[in-house]
Amino acid sequence: MDAVGCCLVDTGIGRCGIAWTADGRIQAVQLPEADDAGTLRRMRKRCGDAPEASPPAAVQGVIARLRASLAGERDAMVDVEIDYDGVQDFQRRVYEAARRIPYGEVRTYGELARELGEPGAARAVGQALGHNPYAPLIPCHRILAAQGGSGGFSAEGGVLTKLRLLEIEGAVLGGEPGLFD
């Protein structure tokens, strides 16, 4: 289903984009790019030329939760309806597994691959996450390289953005109180 509308949303990390379908499912979320035009352009790769519009009430609720989550409120938003139309089966499985990672926790690409029953597919998991059109609703920032390395991140700012999102969540690595403590 094609998106019927999109908008830009002010958050604690900058202006994110969000697009929705006629039935209120989220079709795309875009972390901030260098400017609004870049954010809209990148988001529209998934949702097409959706017009900017006022979001319906259900989407306004998702926006409020997204803002709160990006301000450090513990909400994994796993109940938010996502439009997976056109998403390949393996990617969808990766996205759904990533969504199950609790707020503030991390996994490695290899752990996620094993969880999917595909122990040799760590690289494919990384590639699927690199095409994630729903970040941070699909929390690809919670997946790290082996031995806790940051791995890649395709949003503007790259790995620094990934680490910033993990810091907001108070992510715990190696039993330490926080990622940067």
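**Note on the predicted model**

1. Arg-142 is buried, as its relative accessible area is 2%. The model discussed here is a predicted one. Arg-142 belongs to the loop that runs between α5 and β5 (143-144). Leaving aside residues up to four places away in sequence, Arg-142 touches Ala-76, Ile-101, Pro-102, Tyr-103, Gly-104, Glu-105, Val-106, Arg-107, Leu-166 and Glu-169. A further pairing concerns Tyr-109: the C-alpha atoms of Arg-142 and Tyr-109 are 9.7 Å apart in space, while the two residues are 33 residues apart in sequence.

2. The overall architecture may be set out next. The protein contains six helices and five strands. Along the sequence, these elements follow the pattern β-β-β-α-α-α-β-α-α-β-α. The protein has 181 residues, of which 48% count as buried. Where contacts join residues at least 6 apart in sequence, 56% of them link residues at least 24 apart.

3. Ala-3 illustrates the packing of strand β1, in which it is found. Its relative accessibility is 11%, so Ala-3 counts as buried. Which residues does Ala-3 touch, not counting those up to four places away in sequence? They are Ala-19, Trp-20, Thr-21, Gln-27, Cys-47 and Ala-50. For one of these, Trp-20, the C-alpha separation from Ala-3 is 5.1 Å, although the two residues are 17 residues apart along the chain.

4. Helix α1 (residues 36-47) has 12 residues, and at 1.5 Å a residue it should span 16 Å; its end C-alpha atoms are 16 Å apart, so the expectation and the model agree. The buried residues of this helix are Gly-38, Thr-39, Leu-40, Met-43 and Cys-47. These buried residues pack against three strands, namely β1 (3-11), β2 (14-21) and β3 (26-30). After α1 comes Gly-48, which has a positive phi, near 70 degrees.

5. The cysteines deserve a separate remark. How many disulfides does the model contain? The count comes to zero, a disulfide being a pair of cysteine sulfur atoms within 2.5 Å. Cys-6 takes part in no disulfide, since the nearest cysteine sulfur, that of Cys-47, lies 5.4 Å away. Cys-47 is likewise in no disulfide, with the sulfur of Cys-6 as its nearest cysteine sulfur, at 5.4 Å. Are these residues buried or exposed? Cys-6 has 0% relative accessibility and therefore counts as buried. Cys-47, at 5% relative accessibility, counts as buried too.

6. Helix α2 (residues 57-69) can be checked for length in the manner used for α1. With 13 residues at 1.5 Å a residue, α2 should span 18 Å, and its end C-alpha atoms are indeed 18 Å apart, so the two values agree. Within α2, the buried residues are Val-59, Val-62, Ile-63, Leu-66, Ala-68 and Ser-69.

7. Helix α3 (residues 89-99) packs with helix α5 (residues 122-130) at an angle of about 85 degrees, and the axes of the two helices are 9 Å apart. Angles of 65 to 115 degrees count as roughly perpendicular, so α3 is roughly perpendicular to α5. On the α3 side, the contact is made by Phe-90, Gln-91, Val-94, Tyr-95 and Ala-98. On the α5 side, Ala-124, Val-125, Ala-128 and Leu-129 take part. Sorted by class, the contact of α3 with α5 comprises eight nonpolar residues, one polar residue and no charged residues.

8. Two points of backbone geometry remain. Most residues other than glycine have a negative phi, and most peptide bonds are trans. Met-77, a residue other than glycine, has a positive phi, near 55 degrees. Met-77 lies in the loop between α2 and α3, and because its relative accessibility is 3%, Met-77 counts as buried. The second point concerns a peptide bond: that from Ala-135 to Pro-136 is cis, with omega near 5 degrees. Pro-136 is found in the loop between α5 and β5, and Arg-142 also lies in the loop between these two elements.

Methods. Residues are numbered from 1 along each chain as its sequence is written. This is a predicted model: local features need pLDDT of at least 70, side-chain atom pairs count only at pLDDT 80 or more; totals for chains, interfaces and linings use all residues. Side-chain values use heavy atoms; hydrogens and water are left out. Helices (H or I, at least four residues) and strands (E, at least two) are DSSP runs, numbered from the N terminus. The expected span of a helix is 1.5 Å times one less than its number of residues. Buried means under 20% relative accessible area, exposed over 50%, partly exposed in between (1.4 Å probe, protein chains only). Axes are lines fitted to C-alpha atoms, for helices over the stretch in contact, and angles run from 0 to 180 degrees between N-to-C directions. Angles under 35 degrees count as roughly parallel, over 145 as roughly antiparallel, 65 to 115 as roughly perpendicular and the rest as oblique. Contact means heavy atoms within 4.5 Å. Ala, Val, Leu, Ile, Met, Phe, Trp, Tyr, Cys and Pro count as nonpolar, Asp, Glu, Lys and Arg as charged, and the others, Gly among them, as polar.
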